[in-house]
Amino acid sequence: MSNTPSEFYDIGKKATDLLHKDYAHQPRSPIHFDYRSLKSNTDISCRVKDIVPGLSTLFSFFMPNYGKVDLEYLNGLAGISGGIGLIRNDALGRFDPIANLSGVIGRDALFSLGTDLAFDISTGAFNKINAGLSLNSGFFDASLSLDRFDSLTASCHFMVNPQTKTAIAAELKHRFSINDTALAIGAQHAFTPSTLAKGRISTHGKVGALIRQGLWQRIFLSISGEVDFTDTRPNAALQIGLSLAVRLQMNII
């Protein structure tokens, strides 16, 4: 359920979005087509704000993988959210109930600290224990996060020119279980207010690029491609993705 939005995922979000969002085979692409095997998924979310001052509710569905309902309480310094939902279990052919709790201190401050927990009700065990901290400024953001005590990620994001959305980002990730370290570097630039181009390269030999075009207000079309130079299989080829995102938000005051 880590794809569900919450305050915790704002830690390192700018670097993550620049390096991973909307690329080919990106797991949370709202509608995704693969030229080798046609795939599609739908990501729908609706937020109702200010049920009472500071309290909001969020309904999110990532079909056919999960659905969830969250309650969030936010003030100027801290934010906490909790929810319950169903996540698809392909191995057993069923949907398992999951409870999630996350919180952040210093959400509008120079430094922020947060944690995110997920509890699998069917097995009675925690399947997610994450923690993170970040440094936030107007032009530079840096973060450090620990995922399930197995993956340690350090990232940074530097805004070069806000008017053209020109920015660079880097992410260094180490997985203790397989003793693997990877570095990814990327950049973005908006040629027009509605046309954004991004590119990235990683030490795992993957190079990707995309163009995102705003069609109308909150509707975006992205075309992306990726080449894996370490893939020596005879049938290895360029990966191409197409995504169409519709971003809607409902506020009730």
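# A guided reading of a predicted, strand-rich model

The protein has 1 helix and 16 strands, and the model that shows them is a predicted one. Of the 253 residues in the protein, 35% are buried. About 14400 Å² of the protein is exposed, and carbon and sulfur atoms supply 66% of that area. When contacts with a separation of 6 or more are considered, residues 24 or more positions apart account for 35% of them.

Before turning to details, it helps to know how confident the predictor is in each part. The average pLDDT of the protein is 82, and 81% of the residues score at least 70. Among the elements, β11 has the highest mean pLDDT, at 97, while strand β1, which covers residues 32–34, has the lowest, at 44. Over residues 26–38 the pLDDT is below 50, although this stretch has 40 contacts in the model beyond near neighbours in sequence. The pLDDT also stays under 50 over residues 249–253, and for these residues the model has 12 contacts beyond four places in sequence.

Strand β11 is a good place to begin a closer look. Strand β11, residues 166–175, runs antiparallel to strand β12, residues 180–192, and 9 bridges join the two. Within this pairing, His174 has Thr181 of β12 as its bridge partner. The hairpin of β11 and β12 has 4 residues between the strands, and in this hairpin Asn179 takes a positive phi near 50 degrees. Strand β12 in turn pairs with strand β13, residues 195–202, in the antiparallel sense over 8 bridges, and the hairpin that joins β12 to β13 does so through 2 residues. In this second pairing, Ala190 stands opposite Leu196 in β13.

Which residues form the largest nonpolar core? This core has 5 residues, namely Ala15, Leu18, Leu19, Ala167 and Ala169. The elements that give two or more residues to the core are β11 and α1, the latter spanning 13–20, and α1 gives the most, with 3 residues. Ala169 can be followed further: leaving aside its neighbours within four places in sequence, Ala169 is in contact with Ala15, Leu18 and Leu19, and also with Cys156, His157, Ala184, Ile185 and Gly186.

Just ahead of β11 comes the loop between β10, residues 151–161, and β11, and Thr164 is found in this loop. Thr164 has a relative accessible area of 22%, and is therefore partly exposed. Not counting residues up to four places away in sequence, Thr164 touches His189 and Ala190. Thr164 and Leu196 are 32 residues apart in sequence, yet 9.0 Å apart in space from C-alpha to C-alpha; Leu196 is the residue of β13 that Ala190 stands opposite. Lys165 lies in the loop between β10 and β11 as well, and at 37% relative accessibility Lys165 counts as partly exposed. Most residues other than glycine have a negative phi. Lys165, although it is not a glycine, has a positive phi of about 55 degrees.

A positive phi is also found at Asp22, which is not a glycine either and whose phi is about 75 degrees. Asp22 lies in the loop between α1 and β1. Is Asp22 buried or exposed? Because its relative accessibility is 9%, Asp22 counts as buried. The backbone oxygen of Asp22 lies 3.4 Å from a polar atom of the side chain of Ser224, a residue found in strand β15, which covers residues 219–228. Ser224 has a relative accessibility of 4% and so counts as buried. Along the sequence Ser224 and Ile211 are 13 residues apart, and in space their C-alpha atoms are 6.5 Å apart.

The last stop on this path is another serine, Ser81, which is found in strand β5, residues 78–89. With a relative accessibility of 4%, Ser81 counts as buried. What does the side chain of Ser81 make a polar contact with? The partner is the side chain of Ser102, at 2.8 Å.

Technical notes: Residues are numbered from 1 along each chain as its sequence is written. This is a predicted model: local features need pLDDT of at least 70, side-chain atom pairs count only at pLDDT 80 or more; totals for chains, interfaces and linings use all residues. Side-chain values use heavy atoms; hydrogens and water are left out. Two strands pair if DSSP finds at least two bridges between them. Buried means under 20% relative accessible area, exposed over 50%, partly exposed in between (1.4 Å probe, protein chains only). A polar contact is a pair of N or O atoms within 3.5 Å; within protein, one must be able to donate a hydrogen and the other to accept it, and residues adjacent in sequence count only if both atoms are side-chain atoms. A nonpolar core is a set of buried Ala, Val, Leu, Ile, Met, Phe, Trp, Tyr and Cys residues joined through side-chain atoms within 4.5 Å. Contact means heavy atoms within 4.5 Å. Accessible areas come from the Shrake-Rupley method with a 1.4 Å probe; for residues, only the protein chains shown count as cover. pLDDT is the predictor's confidence in each residue, from 0 to 100.
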